[in-house]
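These are my notebook entries on a structure I was asked to look through. I began with the chain as a whole and then turned to single features.

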Amino acid sequence: MDITQMRDRILKQDRRALARAITLVESGRADHRAQASELLEALRGSGKQALRIGLSGTPGVGKSTFIESFGMMLTEKGLRVAVLAVDPSSARSGGSILGDKTRMEQLSRNPNAFIRPSPSQSHLGGVARRTREAVALCEAAGFDVILIETVGVGQSETVVAEMSDLFMLLLAPAGGDELQGVKRGIMEMADIILVNKADGDLKATAMRTCADYAGALRLLRKRPQDPEGFPKAMTVSALQEDGLETAWGEMTTLVDWRRDNGHWDARRAAQARYWFEEEVRQGLLAKLRQSPAREVMAALALEVEDGETTPSLAAQRMLEEHLGG
């Protein structure tokens, strides 16, 4: 694979080259990983900074419908939109459905949009480990807005927040008891909470739900990266395309404030450090899965199973004798 040629084609906004490059960075083969690193280094500093929007929400909340309506609205404004949607993988077979393209039929045919479903491969909370590198490739290809959709199964929100400029939490209209079910940690990460399906019979419920969340947000400790009035809760209807313009206006207001006050660059720098440390952690875990460390771990595990040593002492021996800890 000619990395220089692929780099040039990506910079010329060649969609096929971008798709091949994302396949390359998602590969676990050692030679592909080396080529992916070379490509990302060749693209470093090129392209432009896209607005990265992380979007999470439980299944059934209408994420795909929202992304299609929101993405179509942005493309009508002349913006190029990339959607990186992480699909749940089977823990048993590793396979996934990858159905987002069929659920976003209009957007998938839009020449100014690019949709890439990726299997989560059972990584933390359903976020593909290489999604961050796919984001960098989309930025190099000149996209203006990158939407990163998570499976919405818990821990994934933390990881998505570390690769996003804005973090949106999409919720369905619900009774007051439902508020207790949303984890405080997710609320603290959200920049804007969007209560979807605010139409028809659910509109009144959606308004009440929005008011409940707005009240809950006011009780949280103020974050330095937020201007007055943020984070906030809003209602939208992806089906009727209602409230999307207002939501986009609030997003751009928040982004502009963060840029003007130095929070944008500081956040991007902190994220780069986080991902460096994450790569080191993943590299160390990979070493444990290779010989001879794998055989040593298996032997120590047997000793633990037989009660000959404790888990903590066996771990200490492993680290000190075989990893230089």
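**Entry 1. The chain as a whole.** I looked first at the contacts between residues at least 6 apart in sequence, and 75% of these join residues at least 24 apart. I noted that the model is a predicted one. I then looked up the secondary structure and found 15 helices and seven strands in the chain. For burial, I recorded that 47% of the 325 residues count as buried.

**Entry 2. Cysteines.** How many disulfides does a search of the whole structure find? I recorded zero. I also looked up the accessibility of two cysteines. Cys-138 has a relative accessible area of 0% and is therefore buried. For Cys-210 the value is 11%, which is under the 20% cut-off, so this residue is buried as well.

**Entry 3. Cis peptide bonds.** I looked up the peptide bonds before two prolines. The bond that joins Phe-230 and Pro-231 is cis, with omega at about -5 degrees. I placed Pro-231 in the loop between α11 and β7, the latter spanning 232-235. The bond that joins Ser-291 and Pro-292 is also cis, and its omega is about 0 degrees. Pro-292 belongs to the loop that runs between α13 (263-288) and α14. I entered both because most peptide bonds are trans.

**Entry 4. From Arg-218 to Phe-230.** I then followed the chain around the cis bond of Phe-230 and Pro-231. Arg-218 is part of helix α11, which covers residues 203-218. Is Arg-218 buried or exposed? Its relative accessibility is 68%, so I entered Arg-218 as exposed. Between Arg-218 and Phe-230 I recorded a C-alpha to C-alpha distance of 9.0 Å, with the two residues twelve apart in sequence.

**Entry 5. Positive phi outside glycine.** Most residues other than glycine have a negative phi, so I looked for exceptions. One of these is Gln-13, with phi near 65 degrees. Gln-13 sits in the loop between α1 (3-11) and α2 (15-26). Its relative accessibility is 39%, so Gln-13 counts as partly exposed. Another is Glu-241, which has a positive phi of about 55 degrees. I found Glu-241 in the loop that links β7 and α12, the helix of residues 244-260. With 55% relative accessibility, Glu-241 is over the 50% cut-off and therefore counts as exposed.

**Entry 6. Helices α14 and α15.** Last, I looked up how α14 (residues 293-305) packs on α15 (residues 311-322). The angle is about 155 degrees, and the axes are 10 Å apart. Why do I call α14 roughly antiparallel to α15? The angle of about 155 degrees is over the cut-off of 145, and α14 is therefore roughly antiparallel to α15. The crossing of α14 past α15 is right-handed.

I next listed the residues in contact. On the α14 side they are Ala-293, Val-296, Met-297, Leu-300, Glu-303 and Val-304. On the α15 side they are Pro-311, Ala-314, Arg-317, Met-318 and His-322. Sorted by class, this contact of α14 with α15 has eight nonpolar residues, one polar residue and two charged residues.

How values were computed: Residues are numbered from 1 along each chain as its sequence is written. This is a predicted model: local features need pLDDT of at least 70, side-chain atom pairs count only at pLDDT 80 or more; totals for chains, interfaces and linings use all residues. Side-chain values use heavy atoms; hydrogens and water are left out. Axes are lines fitted to C-alpha atoms, for helices over the stretch in contact, and angles run from 0 to 180 degrees between N-to-C directions. Helices (H or I, at least four residues) and strands (E, at least two) are DSSP runs, numbered from the N terminus. Angles under 35 degrees count as roughly parallel, over 145 as roughly antiparallel, 65 to 115 as roughly perpendicular and the rest as oblique. A crossing is left-handed if the near helix is turned anticlockwise from the far one by less than a right angle, and right-handed if clockwise. Contact means heavy atoms within 4.5 Å. Ala, Val, Leu, Ile, Met, Phe, Trp, Tyr, Cys and Pro count as nonpolar, Asp, Glu, Lys and Arg as charged, and the others, Gly among them, as polar. A disulfide is a pair of cysteine sulfur atoms within 2.5 Å. Buried means under 20% relative accessible area, exposed over 50%, partly exposed in between (1.4 Å probe, protein chains only).
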